Each structure stands twice: as structure tokens, then as C-alpha cells.
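Student: Could you take me through one part of this model up close? I'd like the annotated binding site and whatever packs around it.

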Amino acid sequence: MQLNNLNIAVLGAGRSGRAAARLAMKHGARVRVFDASPSIGNWPEDIPLHAAATEEDGRAFRADLVVISPGIETDSPFVRAFGREGVETIGEMELACRFYHGRIIAITGTNGKTTTTSLVEKILLRAGKAAIACGNYGVPMAEILLRDSVPDVLALEVSSFQLETIRDFHPDVAVWLNFAPDHMDRYKSVEDYYHAKLHIFDNQTEEDLAVVRAGERLPHLKAPVRTFSSEDPAADLYYREPQVMEGDKPLLNLADTTLNQRHNAENAMAAVLACRHLGIPAETAAEVLKEFTPPGHRCETVRTLDGVLWLNDSKATNLHALEAALKSQNSPVILIAGGKDKGLDYLPLRPMLKEKVRACVVFGQIADQLQDAFSPVVPTEKAADVADCVAKARACARTGDTVLFSPGTSSFDMFTGYVQRGQAFRDAVNALSPLS
């Protein structure tokens, strides 16, 4: 791709916007970054910035190419103001992929992306590959391309927001972990969200590989498909606790790993299949699985106190993640859920609540909605904040119970993100004293 002397508008002054701007400048473009915020902290002096940007600024700037950050809605009036007729609008990831010549394992799904991406990276490294995890997880792809040494393989977490703006993006392996309604505060319908995710397969060929959870609703794909499942024995890889089975033969034993719950077993199977396409055997993956620790706030044990297990699953920012966490529990559950209103319907969760949950504590912007949805099938009470949730959960927990903090929605009504929310839960649980 030739950028020399082109005028490029980069929309969004976050980390991905900065990386896109630097990559475009490295290739000779004239770049200006536009952000609607009136104040941008710690901005590098060598990147031209227009803060407090408006639609009028967009119409006045004669861009040859528009690059948007994933957090900005592609069909917003702000974006349309910059992308006049005939001007291509792409995302930071699409820009980066046009300058990358290595191999890509791209991972998408409503849940499990970060765990799977991290696991793929570690398997690649154990096999001696020059590899790094990036994308929606940690480091923007464009930032990787600015390094002195660019790795041969990328384990790339991709979100629906990033996939909205691809044109040439072509992963050697495309991993589809799962799909469930989410981000209804951004998309007009579940179908819009689904079709954004589907773009991960757009440019694959017969030489590539699609790794797909068995039973997912997908169109015919050009790439060969390998499947995994914790429910369907006919999948290429199937989890029969604690073994990952390939046909009728055990392939991996997850008994002594942190991935032995059903949802994490599926992440492990997807990673194994993806890395196989690059010639890495399951034996190498098995070595990694024994020592792998999933990223924080994903069904992690905070402590066991007075015979009660406390689990932090703050990363559960949608209904599917909450349901997956509940499916993995074998003890009676005291569920703590709540947060921002994302337009999700929680009524379908009732059968799972009836089967797994003894009591619920709800909080946040959707506390009333959750109380109405949950109380017909399980005792449910509201709490003022996370600390109050912990106090109320302890009051009703019995020896042998599991208190599961799995909010089922995003955290932005009360917190800066799921990490801060999860830390608030950790702090409140760790502050508890044993009963005398």
C-alpha cells in the first residue's frame, strides 16, 4: 500500500489511533489525528492533533484516507463528515494488515477471546515461533509493526468493532469461539452484530483454516473447517471431562490445569486446532496447558472462607459469559450480577438460574430489571454497590456454596472497566474476617 504524500485523517486519539498515525507517518503520509474530546493528555508533539473536533472539521479536511479507532461507530455523522464520497474508511487493524507479511491467527467470539489469544501466543512461543498476542488484546497491531523486529506470527484478538472496517484483512486461521447477543447499545439488531463478526472469514481461501465451535450458525465457508465442542461428541475435538478427545482417543488431560471448566476447555481446544495449522503438535500445547494461567477476572478464585468459595468473573460483560460461568459450577451458587444497561434480555437465563443458583444479589443500573427477571425463579435482593453485594451474599451463603461474581453486563455505570470492578470485588472479599 502506497501512502506517500497522502492526507490521512485518523479518528480517535487513543492507543490504536496513535499507533495508526505513527504507522502512516512511517510510510510517508501526511497525518492529522482528530478527536472530539477537548483535552488529550500526554500527547506526543510529533503527531499533529486536532482536539475538540467536529463534523464541520471533517468536511473541511480533504482526506485521501480515513482511519478510525474501533470505539468510534462507523456510521456516525462524525465519521461520515470525514469520509466524503470516494474516500476509503478503514480501521487501524486493516491499515496495519496491509503492511504485515507474516501469518495471522485471528480469534473472535462473544466470549473467550482474550484467554484463547493468550494461549495461542504461548503455544507458538513454546514451539519456537517468533510470535506475539495483540489486537483487541493489549497492543494494537499497528504498534507491533513499528517495532525494530516484527514477529513472524500474530495471535490477533479481533472484535466486531474492528471487523466492521476490514477490506483486505486475511487471517491464515480464523477462530470463531461462539456467538451470543451483545453490544446492543451499539448495534441496531443481533443480526448486525452477527454480520460484523462474520467478516473474519471474508478473505480466507482453501489454503486457510476456520476453527469453529460445533453447532454455530454459519454460512458456507471457503476455508476448510475444524470443530471443537464441550457438548457435541461428533466435533473434531470434544471435551469429556477431564479429557479432550479426538474421536475415541484421549488427546489432552485438563484435570490438573486451570482450563478444566467447560468454557475454558473450549478455548483450549480452539487454540490447539489453530496452532496445528502451523505445524505445532498437541504435545507442545499440552506442555503450555499445564502451566497456563488465564488472564485475571475470569472465574478466578479469590479465596475460600468458612467453607464458601468466592469466584471473580468480572470479565463476564454479557449474558453468554454469565451463562457459561454458571454451567461450569457444580456447587450451589450465590450469584452476584448487575451493571450497565446494554439492552440485553435476561429472561432466557431463568432455566439456568433454577438449575444452578440458590440466591441472587443484583446491583447497578439494571438492578431493577434483573430483580424482575430473576425473582420468579430464585430469591433475589438488590444491593447498593459491590461491597454491599459481598455482605448480602455472605449473609445467605452456606458451607459448600460458591459465590459467583459474574455481572452479565458491562461496568461503565459505576466503574472505568471490568478490571476496576473486579478489583472492587476482590477487595471486599479479602476484607471479610472468618466467622468466630
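Tutor: Happy to. Threonine 110 is a good place to start: at a relative accessible area of 5% it counts as buried, because the cut-off for that is under 20%. Keep in mind that we're looking at a predicted model, so every value here is computed from that.

Where does threonine 110 sit? Its place is the loop between β6 (103-108) and α5 (113-126). That matters for your request, as UniProt, in an unreviewed entry, puts a "binding site" on Gly109, Thr110, Asn111, Gly112, Lys113, Thr114 and Thr115.

Next along is asparagine 111, also in the loop between β6 and α5. Asparagine 111 is buried as well, with a relative accessible area of 12%. Setting aside residues up to four places away in sequence, asparagine 111 touches Leu177, Asn178, Asn318, His320 and Ala321. Now look at the domain record: the unreviewed UniProt entry places "domain: Mur ligase C-terminal" at residues 297-407. Asn318, His320 and Ala321 have numbers inside that range, so you can follow the loop's contacts into the annotated domain if you colour it separately. Over residues 297-407 the chain is 32% helix and 28% strand, and the C-alpha atoms at the two ends are 11 Å apart.

Glycine 112 is in the loop between β6 and α5 too. Is it buried or exposed, or something in between? Glycine 112 comes out as partly exposed, at a relative accessible area of 24%. Leaving out neighbours within four places in sequence, glycine 112 is in contact with Leu177 and Asn267. Leu177 also appears among the contacts of asparagine 111.

Asn267 takes us on to the helices. It belongs to the α9 side of a contact with α5, so let's see how those two pack. The axes of α5 and helix α9 (residues 262-276) come within 9 Å and cross at roughly 40°. That makes α5 oblique to α9, and their crossing is right-handed. On the α5 side the contact uses Thr115, Thr116, Leu119, Val120, Ile123 and Leu124, while α9 supplies Asn264, Asn267, Ala268, Ala270, Ala271 and Cys275. By class, the contact of α5 with α9 has eight nonpolar, four polar and no charged residues. Thr115, one of the α5 residues there, is also covered by the "binding site" annotation.

α5 has another partner, helix α10 (residues 282-291): they pack at an angle of about 125°, with axes 9 Å apart. α5 and α10 are therefore oblique to each other, and the crossing is right-handed. Here Leu119, Lys122, Ile123 and Arg126 of α5 meet Thr284, Ala285, Glu287, Val288, Leu289 and Glu291 of α10. By class, the contact of α5 with α10 has five nonpolar, one polar and four charged residues. Leu119 and Ile123 turn up in the contact with α10 and also in the one with α9.

Note on methods
Residues numbered from 1 in each chain as written. Predicted model: local features only at pLDDT ≥ 70, side-chain atom pairs only at ≥ 80, totals over all residues. Heavy atoms only, no water. UniProt positions renumbered as here; feature names shortened; annotations may be inferred. Helix = DSSP H or I, 4+ residues; strand = E, 2+ residues; numbered from the N terminus. Buried < 20%, exposed > 50% of the residue type's maximum accessible area, 1.4 Å probe, protein only. Contact = heavy atoms within 4.5 Å. Axes fitted to C-alpha atoms, helices over the stretch in contact; angles between N-to-C directions. Parallel < 35°, antiparallel > 145°, perpendicular 65-115°, else oblique. Left-handed = near helix turned anticlockwise from the far one by under 90°. Nonpolar A, V, L, I, M, F, W, Y, C, P; charged D, E, K, R; others polar.
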